[in-house]
Amino acid sequence: MDARGEELRGRLAALGFDDVRFAAAEPLAGEGLPGWLAGGLHADLHWMERTAAKRLDPGLVLEGARSLILLGVSYWSDAPATGAATWARYALNEDYHDTLKPALVAAGRVLEEIYGVGAEDYRYYTDTGPVLERSWAARAGVGFVGKNAMLISRRHGNWLLLAALLTRVELAPDAPVRRRIGGSPVGLLCGKCTRCIDACPTAALPRPGVVDARRCISYQTIENKGVIPRELRAGIGSRIFGCDACLEVCPWNRFAREGRRLLLVARSELAELTLSELLAMTPARFAEVFRRTPVKRLKLAGLLRNACIVAGNSGDRALLPALVRLAAHELPLVRVHAVWAVGRLGGGGQLAAARAAESDPAVREEYAALGPA
Ligand code: B12
Ligand code: SF4
Ligand code: SF4
């Protein structure tokens, strides 16, 4: 038993992390990343290509790195994620990149104190660093990689955010959930279950553990800044920001309990917004409602784009006047999706004036897809 390692674990848990485990910083074997990039499955996330080598070798991120500290933050909550629109559960909290940061800073200080090292001896990241967080978390035994590609914890199910500290300190590594000799570690505790693959509304899981970001609703509604491909819009259903479909169906969630949530600030009221409210958002109201949430990164145009798709899928013709108004919005990005939504609700005839006035090629293409005027 490594007394300093256990002291570190205890003090990091006291900072609010729900799981704290260690891994040796030996380079990863590849973990499907080169093939994923070569196949173009990362869509336009080009920064993933630029940082691929670093993601597999922590020594390229922090010279002399010997260990990784993997930190999990449970975000399960019983609060509904669906009202008129469905939100990714993590988005019903203030942006975790911001709310975890003070605890990561404090974690670094704890490491300095216990091991007598300096700030140059470690780096911390959550999400945005060049670290393959799920693979490292699997190596450290935080959980296993499911067929939905998620790092699934036996205690917290799919509802665990990850963070990592790379350090020059040598820590005794924790064991993975179970060792598999040879082959891929994907689906280690899945058995014959394929619920997540079957539940994906846009067939974005072509193989177990592999997400095709181009088809993934999470990518399309959060990362894509442009037009969402027409053939994916119906599958988006009521999902306005992100997607939890392959997480929600996983039987491992039955072990998830409401976490301590010490590093999260709930914003569950977002799920109560009606589609009429969303379609009528002004820049000032957007800034006020989505302040400090991950949705603010989407900007108003992205939210209106997504709201148009959800409205088009809602079957609610009472939303037609709001959508017809958005078909004359100043931004072509919003007009494209408003035209689609009006057409889907059977209101194409109400667009004659806007159609005649339209000059943007992308919006004109959308009108052409509606059929003759
Ligand atoms: C890019 C990215 C995305 C992209 C691409 C998703 C993807 N699967 O790669 C998009 C925008 C689609 C996305 C969506 C989501 N994301 Co995301 N995303 C990332 C990010 C920044 C990088 C992921 C990455 O490197 N992908 C490349 C692929 C190759 O790696 P991977 O899936 O991470 O790793 C898998 C493979 O290596 C595979 N594997 C291992 N060994 C082998 C061997 C072989 C032979 C093969 C084939 C595969 C294989 O298993 C690994 C684990 O799944 C990470 C943060 C980070 N820095 O790691 C967050 C992260 C993965 N995302 C996260 C979350 C929460 C989500 C969403 C749930 C958000 C939402 N509700 O909308 C969805 C879930 C979609 C899904 N089913 O994966 C969490 C996941 C937490 C967890 N418990 O797993 C992370 C870790 C962020 C965080 N810090 O918490 N995401
Ligand atoms: S997040 Fe949604 S769209 Fe993406 S793979 Fe999972 S179920 Fe499919
Ligand atoms: S839904 Fe089934 S197949 Fe998918 S990750 Fe969970 S246990 Fe594995």
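How do the residues of the shell around ligand 3 divide into nonpolar, polar and charged? There are seven nonpolar, two polar and two charged residues in that shell. Good morning, colleagues. The structure before you is a predicted model, and I shall go through its ligands, its two domains and its salt bridges.

Let me stay with ligand 3 for a moment. The residues that surround ligand 3 are Gly 146, Lys 147, Asn 148, Ile 152, Cys 190, Cys 193, Arg 195, Cys 196, Cys 250, Pro 251 and Trp 252.

Ligand 2 has a shell of another composition: nine residues are nonpolar, one is polar and none is charged. Around ligand 2 we find Cys 200, Pro 201, Thr 202, Ala 204, Leu 205, Cys 216, Ile 217, Cys 243, Ala 245 and Cys 246.

I turn now to ligand 1. There are 39 residues around ligand 1, and those that come nearest are Glu 31, Glu 133, Ala 149, Ser 218 and Asp 244. By class, the shell of ligand 1 holds 24 nonpolar, eight polar and seven charged residues. Several elements supply at least two residues each to this shell, namely the helices α2 (33-38), α7 (133-139), α9 (217-223) and α11 (245-248), together with the strand β7 (160-167).

Which atoms of ligand 1 lie at short range from polar atoms of the protein? One nitrogen atom of ligand 1 is 2.6 Å from a polar side-chain atom of Glu 133. A polar backbone atom of Asn 148 lies 2.8 Å from a nitrogen atom of the ligand; Asn 148 is also among the residues surrounding ligand 3. In addition, an oxygen atom of ligand 1 is 3.4 Å from a polar side-chain atom of Ser 135.

Next, the domains. The chain is divided into domain 1, residues 1-264, and domain 2, residues 273-373. Each domain contributes 27 residues to the contact between them. The C-alpha centres of the two domains are 33 Å apart. Between them, domain 1 and domain 2 bury about 2200 Å², of which 60% is on carbon and sulfur atoms. On the side of domain 1, Arg 230, Arg 233 and Ile 240 lose the most area to domain 2, and together they account for 27% of what that side buries.

What polar and charged pairs cross this interface? The rule finds seven salt bridges and twelve residue pairs in polar contact across it. On the side of domain 1 that touches domain 2, at least two residues come from each of α9, α10 (230-236) and β8 (239-241). That side comprises twelve nonpolar, seven polar and eight charged residues. A salt bridge also joins Asp 98 to Lys 296, with the closest N and O atoms 4.0 Å apart.

Finally, the salt bridges as a whole. Side chains of opposite charge can pair when their charged atoms come close. The count comes to 21 salt bridges by this rule. One of the pairs is formed by the side chains of Glu 170 and Arg 66, at 2.7 Å from N to O. This pair links distant parts of the chain, 104 residues apart: Glu 170 is in the loop between β7 and α8 (195-199), and Arg 66 is in the loop between α4 (52-56) and β2 (67-74). Thank you for your attention.

Key: Residues are numbered from 1 along each chain as its sequence is written. Chains are lettered from A and ligands numbered from 1 in the order in which they are written. This is a predicted model: local features need pLDDT of at least 70, side-chain atom pairs count only at pLDDT 80 or more; totals for chains, interfaces and linings use all residues. Side-chain values use heavy atoms; hydrogens and water are left out. A residue is near a molecule or strand if one of its heavy atoms lies within 4 Å of it. A polar contact is a pair of N or O atoms within 3.5 Å; within protein, one must be able to donate a hydrogen and the other to accept it, and residues adjacent in sequence count only if both atoms are side-chain atoms. Helices (H or I, at least four residues) and strands (E, at least two) are DSSP runs, numbered from the N terminus. Ala, Val, Leu, Ile, Met, Phe, Trp, Tyr, Cys and Pro count as nonpolar, Asp, Glu, Lys and Arg as charged, and the others, Gly among them, as polar. Domain bounds come from an automatic or database domain assignment. Contact means heavy atoms within 4.5 Å. Buried area is the accessible area (1.4 Å probe) that two parts lose on being put together, summed over both.
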